[in-house]
Amino acid sequence: MKLAFVGLTAICLSYSALADEKFAKTLCGGASVEVSAERFPDAKLALSKIVLSASSGKESIRLVFDNTVDGPKAAEYFFAACLKGKDQRSYIVFQNYCGGSGCHDLDNFGIIDAASLRVLLAPSDNNHSLADQIIGHPVQPLFDYKERFF
């Protein structure tokens, strides 16, 4: 009986933590990448704060997206993937955008070179074509990409 109680407690604690936060970790090229996020209260998908961290050797980068700032286009959704470019380099690619008719959910890409951890592109409302140029081939929206890690 004691073992079953401990197992039940662990499941309840895990479920409670997942209700408020999301976390993912992966390797992209030579970089270790972590994404953590907090949800808005009572929201199924919308995220209030996202932290993307990557490290490779002596280099590291940490990007924080705080979506609690009031405004017409608070970016609520975040998806990330490790993509190979036409040049066979690995790139940490992410999208951070809002929901609704006034939002640009097909744009707002961010790209980090996985080898140097240099930010090559920051999210903006009209940057899908720039993402395609950097990667060297068309980049599909990440909400539909089956191999995304977050």
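Q: Buried means under 20% relative accessible area. With that in mind, why does Cys28 count as buried?

A: In this predicted model, Cys28 has 0% relative accessibility. That value falls under the 20% limit, so Cys28 is buried.

Q: And what makes Cys82 partly exposed?

A: Its relative accessibility is 27%. Partly exposed covers what lies between 20% and 50%, so Cys82 belongs there.

Q: How do you know that a disulfide joins Cys28 to Cys82?

A: The test asks for two cysteine sulfur atoms within 2.5 Å. Here the S to S distance is 2.1 Å, so the pair qualifies as a disulfide. A search of the whole structure finds one such link. Its angle about the S-S bond is 80°, and the link is right-handed.

Q: Which parts does this pair tie together?

A: Cys28 lies in strand S1 (residues 21-28) and Cys82 in strand S5, so the link ties together parts that are 54 residues apart in sequence.

Q: Why is Ser48 called buried?

A: Ser48 has a relative accessible area of 7%, and the limit for buried is under 20%, so the word fits. Ser48 belongs to strand S3. Leaving out residues up to four places away in sequence, Ser48 touches Glu38, Arg39, Phe40, Phe65, Asp66, Asn67 and Thr68.

Q: How do you know that S3 and S4 pair?

A: Pairing needs at least two bridges between the strands. Strand S3 (residues 47-56) and strand S4 (residues 59-66) have eight, in the antiparallel sense, so they count as paired. Leu52 stands opposite Leu63 in S4. The hairpin of S3 and S4 has two residues between the strands, and Gly57 takes a positive phi near 60° there.

Q: What makes S5 and S8 edge strands?

A: The order of the open sheet is S5-S6-S7-S8, with antiparallel pairing. S5 and S8 each pair on one side only. From one strand to the next, the twist averages 25°. Within this sheet, S5 and S6 share eight antiparallel bridges, and Leu83 stands opposite Tyr91 in S6.

Q: What does H2 touch when it packs on the sheet?

A: H2 touches S5, S6, S7 and S8, and its direction makes about 20° with that of S7.

Q: Why are the buried residues of H2 said to be on the same side?

A: In helix H2 (residues 128-135), the buried residues are His128, Ala131 and Ile135. They cover an arc of only 55° around the axis, which puts them on the same side of H2. Among the elements that cover them are strand S5 (77-84), strand S6 (90-97), strand S7 (109-113) and strand S8 (119-121). After H2 comes Gly136, whose phi is positive, near 95°.

Q: Which residues touch the most other members of the largest nonpolar core?

A: They are Phe78, Ile92, Phe94 and Phe150, in a core of 22 residues. S1, strand S2 (31-39), S3, S4, S5 and S6 each give two or more residues to this core. A second, separate core has 14 residues, including Phe109, Ala131, Ile135 and Val139. In soluble globular proteins, nonpolar side chains tend to be buried together.

Q: What is Phe78 in contact with, leaving aside its neighbours within four places in sequence?

A: Phe78 is in contact with Val35, Leu47, Ile50, Leu52, Phe65, Phe94, Gln95, Asn96 and Phe150.

Definitions and conventions. Residues numbered from 1 in each chain as written. Predicted model: local features only at pLDDT ≥ 70, side-chain atom pairs only at ≥ 80, totals over all residues. Heavy atoms only, no water. Buried < 20%, exposed > 50% of the residue type's maximum accessible area, 1.4 Å probe, protein only. Helix = DSSP H or I, 4+ residues; strand = E, 2+ residues; numbered from the N terminus. Arc of directions from axis to C-beta. Contact = heavy atoms within 4.5 Å. Axes fitted to C-alpha atoms, helices over the stretch in contact; angles between N-to-C directions. Core = buried A, V, L, I, M, F, W, Y, C linked by side-chain atoms within 4.5 Å.
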